[in-house]
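Trainee: I am new to this structure and should like a close look at a single part of it. Please describe one helix with care, and then place it in its surroundings.

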Amino acid sequence: MKLMTCPLNGPRNITEFVYGGEVKEMPNHKACSDKEWADYVFYSDNTVKVIQEWWFHSPSGYWFIAERHTASDEILRTYDPSELYQDRVDFEQGENLQEGRA
Amino acid sequence: MPFSLLKYGLSNDYPFEKDADLPTPTELKRHYDVVIIGGGGHGVATAYYLAKYHGITNVAILEKGYLGGGNTARNTAVIRSNYLTSEGVKFYKQSVDLFQGLSNEFDFNIMYSSRGQLTLAHTDATVRSFRQRTEVNKHFGGKTELIDPQQIKELVPTLNMNPADMPILAGLWHIDGATARHDAVAWGYAKGATQRGVELHQLTEVTGVTVDHGKVVGVDTNRGKVSCGCVVQAVAGHSSIVAAMAGIKMPITTYPLQAMVTQPVKPFLDPLVSSSALHCYVQQTGRGEIVFGGGSDPYPLYNTRSTLDLKESLLASAVEMFPFMANLKLMRQWAGITDMTSDYSPIMGLSPVENYYLDAGWGTWGFKATPICGKTMAELVANGGKVPDLIAPFAMDRFDVFRQVNEMGATAASH
């Protein structure tokens, strides 16, 4: 059994966690081009090194960030996202959606 | 063939086959028209068709390990074409057709065995998607039917019809489904290619790619520099890493895929049986061993280690489907490295670098495409980068325009 240390709940079996993708800089979704958005959503360096990635502790519904090596599978650090992000990105409803409702 | 069998069956000496082995390795030349990175099934198939149909023989296959020693030897050797999209079905159907003739073409037995593949549905939604897949398959000339529980029982008497309390409602019976010896496919193609003048360089690792003014001009290897007219990259699990040498970023995430076999038992299972709800597929090899496979690991990793978690969940599903298997012992287990794309379709064709062709993103479905992929990639190279219609939908830039080819629901064990 592989353990992962949840910043909220402590060490737990890794099967309790869901992988949520690499931590990447999100382009401004209102201003960026299709290619920039595709880059953000689909493309990745996907290489062998220590990466920062999102993980979700499913039983407690808690998202956090882990630093893990992509070949040795060693988990070096896990921490609350507040270390990197102070603000939530606001996806307010698009104009089309509002028109549709009216 | 039968005549020679008769002739040599009655004579005292058997003809010594001079070209039974691959040619002895030579020094690398300074220049090749085509460099193929990766000596797995796809790479050698591409070289074979380049030499056979297009007369291009100044070709080097550079393989860092040995022939067919990567994911070609790690898959579970399933051949089928019962996909969901028109693009996918059309492509894989041609692959199945080519597979059927390979033993004759190579004069070498790839142990192609057309046993049919049965996928089980446990929910109404799956039955609906099976109906669609049946019709798409039939439209493109494949043999696929939707069958009911009674027919399933007759086909596979040992199957538990209520595995994990999820009653089997229907089955997608893919009559063309088959299996073959994966190593033999790579060997057959390699032999055919080298006989026609292609050079296969094993233990030759590409360490760099030289790009000049947006155009590939050569590669660095652990045995020196080679200049080339074009490059075909066919490296399965390491696509992102090799492409990065040419400065190309790919829409791929790399996951391990684990599989295992049991001790051999008497033949009891003819078709290949899979259930997407149980994330498990089961088949019995010609040697009697039972092969289990499932979905990729739950998170990305460049490592062929095995985990007890996945073994346990996979085997629990297998025992639900065939309860008597609980008494069997596992003989071997292993893992491959799979390049997953977000739409579960491959990437074939052009790249942002001129004359650098991609054959990547094969996830868990690469082996079954070996012949047709090799054939169309050869066509692409021979025509100097004019993309054949068959693989045009699988271009990498489909992600840039949000035109994915969604095959997620058509994987044997959904991921």
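Mentor: The account below begins with one helix of chain B and then turns to the chain around it.

This is a predicted model, in which local features need pLDDT of at least 70 and side-chain atom pairs count only at pLDDT 80 or more, while totals for chains, interfaces and linings use all residues. Residues are numbered from 1 along each chain as its sequence is written, and chains are lettered from A and ligands numbered from 1 in the order in which they are written.

The helix is α3 of chain B, residues 86-106. Helices (H or I, at least four residues) and strands (E, at least two) are DSSP runs, numbered from the N terminus. With 21 residues, α3(B) reaches 30 Å from its first C-alpha to its last, close to the 30 Å expected at 1.5 Å a residue; the expected span is 1.5 Å times one less than the number of residues. At B:Gln100, α3(B) bends by about 35°, the bend being the angle between axes fitted to the seven residues ending there and the seven starting there.

The buried residues of α3(B) are B:Gly88, B:Val89, B:Lys90, B:Phe91, B:Tyr92, B:Lys93, B:Gln94, B:Ser95, B:Val96, B:Phe99 and B:Leu102. A residue is buried if 20 or more other C-beta atoms lie within 10 Å of its own, exposed if 12 or fewer, and partly exposed in between, with C-beta atoms placed from the backbone. These buried residues pack against β3 (78-79), α4 (124-139), β7 (178-179), α6 (182-195) and α9 (370-382) of chain B. Two residues are in contact if their C-beta atoms, placed from the backbone, lie within 7 Å.

Just after α3(B), B:Asp107 takes a positive phi of about 55°. Most residues other than glycine have a negative phi. B:His213 also has a positive phi, near 50°, and is found in the loop between β9 (206-212) and β10 (215-221) of chain B. B:His213 is exposed, with 6 other C-beta atoms within 10 Å. B:His279 has a positive phi of about 50° and sits in the loop between β13 (272-275) and β14 (280-284) of chain B. B:His279 is partly exposed, with 19 other C-beta atoms within 10 Å.

Chain B as a whole has 9 helices and 18 strands. Its radius of gyration is 22 Å, close to the 22 Å that the globule rule gives for 415 residues, so chain B is as compact as a globular protein of that length; the radius is taken over C-alpha atoms, and the rule is 2.2 Å times the number of residues to the power 0.38. Of the 415 residues of chain B, 52% count as buried. Among contacts in chain B between residues at least 6 apart in sequence, 77% join residues at least 24 apart.

The largest nonpolar core holds 116 residues, of which B:Val34, B:Val35, B:Ile36, B:Ala47, B:Val59 and B:Val231 touch the most other members. Such a core is a set of buried Ala, Val, Leu, Ile, Met, Phe, Trp, Tyr and Cys residues joined through C-beta atoms within 7 Å. Helix α2 (residues 41-54) of chain B gives the most to this core, with 7 residues.
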